[in-house]
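Trainee: I am new to this structure and would like a friendly tour. Could we look at it together, one question at a time?

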Amino acid sequence: MSISVQNISKSFKDRRSSKENKLILKDISFDISEGEFVCLLGPSGCGKTTTLSIIAGFQSPDSGKIFVNGAQVNKPGPDRAFMFQNYALFPWLKVGENIMYPMKKQKMPKEKRTEKLQELLKMAQLTEYENYYVHELSGGMKQRVALLRAMACDPKVLLMDEPLGAVDFQMRQLLQVQLEQMLQQKKTTSLMVTHDVDEAVYLSDRVIVMSRDYGKILEDLHIDLPRPRDRTHVKYHNYVDELTNILKNALNGDVKNDEDKDLLEFIQKSEIEKNRLHNALFADEKSERQ
């Protein structure tokens, strides 16, 4: 299913002034083709999550329109699944029951539900955890269960708000690999909000970089790399460097919260690594001349 975002604007009541609205998004447009994986990247306050929630149908734009497969979006629908940052799993249900919950809501026949559940558990390597409660799972497992629940009714569009933000670095990279594998199998049209540059390059067909200037799109970058992605490839690092420089300009030293701190830390580490590689290359060339 394709997504078309056409000239959307959105404002909210300003907490400091009951008479004024605060403009968040202004005249934002982009399209996503069927089966594409696109990331929205940018500093805090740029409207990434607001854009995602409007596409989901949770909020309405002040102006502009959203179309999914040619049909205008006015409310949430079963064609779009939403994956939250904090898992949003039911603690009183077991893993299998959590995953089957949306299937029951869709009145899927019991036999089909059971078959679908086993297929999903196998795909995520969670078969043996079907009868575990949520509190018995690690953070990475909870995230996989949340993803399986989102995919349970074969949505045509998967919308994800920082879905891997709550796990550690090693688990995050492992989940990125599993997420890519699962979505490639399903050919699901996907839009994900992230502030992680490496994650955006690893998962995306395109990365859309938004700014704090009412969500203005600074870059719509196509990631022309084969799958599965090779993080050691020079072209991969070139994309990371390009996006890092764009984000550095978007951030402009204005750090507002932990998300911005993470971005700034990533930018600083990238610059240190780039200088280290440059100095090593220069030293090698100097040694060869001597």
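Trainee: Which residues form one aromatic cluster together with Phe58?

Mentor: Before we start, this is a predicted model, where local features need pLDDT of at least 70, side-chain atom pairs count only at pLDDT 80 or more, and totals for chains, interfaces and linings use all residues. Residues are numbered from 1 along each chain as its sequence is written, and side-chain values use heavy atoms, with hydrogens and water left out. Rings of Phe, Tyr and Trp (its six-membered ring) pair if their centres lie within 6.5 Å; planes under 30 degrees apart are stacked, over 60 edge-to-face and the rest tilted. The partners of Phe58 in the cluster are Phe82 and Phe84.

Trainee: What is the angle between the planes of Phe82 and Phe84?

Mentor: A pair of aromatic rings is described by the distance of the centres and the angle of the planes. The structure holds six aromatic pairs. In the pair of Phe82 and Phe84, the centres are 4.7 Å apart and the arrangement is tilted, with an angle between the planes of 45°.

Trainee: Is Phe82 buried or exposed?

Mentor: Buried means under 20% relative accessible area, exposed over 50%, and partly exposed in between (1.4 Å probe, protein chains only). Its partner Phe84 has 37% relative accessibility, so Phe84 counts as partly exposed. Phe82 has 17% relative accessibility and therefore counts as buried.

Trainee: Which residue has its charged end over the ring of Phe90?

Mentor: A charge sits over a ring if NZ of Lys or CZ of Arg is within 6 Å of the ring centre and within 35 degrees of the ring normal. One example is Arg231, which lies over the face of Tyr202 at 4.0 Å from the ring centre. Over the ring of Phe90, at 5.2 Å from its centre, sits the charged end of Arg149.

Trainee: How many helices and strands are in the chain?

Mentor: Helices (H or I, at least four residues) and strands (E, at least two) are DSSP runs, numbered from the N terminus. The chain has 290 residues, and 47% of them count as buried. Its elements are eight helices and 10 strands.

Trainee: How are helix 3 and helix 5 oriented to each other?

Mentor: Axes are lines fitted to C-alpha atoms, for helices over the stretch in contact, and angles run from 0 to 180 degrees between N-to-C directions. Helix 3 (residues 110-123) packs with helix 5 (residues 169-186) at about 135°, and the axes are 11 Å apart. Angles under 35 degrees count as roughly parallel, over 145 as roughly antiparallel, 65 to 115 as roughly perpendicular and the rest as oblique. The two helices, helix 3 and helix 5, are therefore oblique.

Trainee: Which residues of helix 5 make the contact with helix 3?

Mentor: Contact means heavy atoms within 4.5 Å. On the side of helix 3, the contact is made by Lys116, Glu119 and Met123; on the side of helix 5, by Met182, Gln185 and Lys186.

Trainee: How many of the residues of that contact of helix 3 with helix 5 are charged?

Mentor: Ala, Val, Leu, Ile, Met, Phe, Trp, Tyr, Cys and Pro count as nonpolar, Asp, Glu, Lys and Arg as charged, and the others, Gly among them, as polar. In the contact of helix 3 with helix 5, two residues are nonpolar and one is polar, while the number of charged ones is three.

Trainee: Why is helix 1 largely enclosed by the rest of the structure?

Mentor: The buried residues of helix 1 include Leu52, Ile54 and Ile55. Just after helix 1 comes Gly57, with a positive phi of about 90°. Helix 1 (residues 48-56) is largely enclosed because, of its nine residues, the number buried is eight.

Trainee: Which helices do the buried residues of helix 2 pack against?

Mentor: Among the buried residues of helix 2 (residues 95-105) are Val95, Ile99 and Met103. After helix 2 comes Lys107, with a positive phi near 60°. The buried residues of helix 2 pack against helix 3 and helix 4 (139-151).

Trainee: Which residue does a cis peptide bond join to Arg227?

Mentor: Most residues other than glycine have a negative phi, and most peptide bonds are trans. The bond in question has an omega of about -5°. In the loop between strand 10 (217-222) and helix 7 (234-251) lies the partner of Arg227, Pro228.

Trainee: Where does Asn69 lie?

Mentor: Asn69 has a positive phi of about 55° although it is not a glycine. With a relative accessible area of 45%, Asn69 is partly exposed. Its place is the loop between strand 4 (63-68) and strand 5 (71-72).
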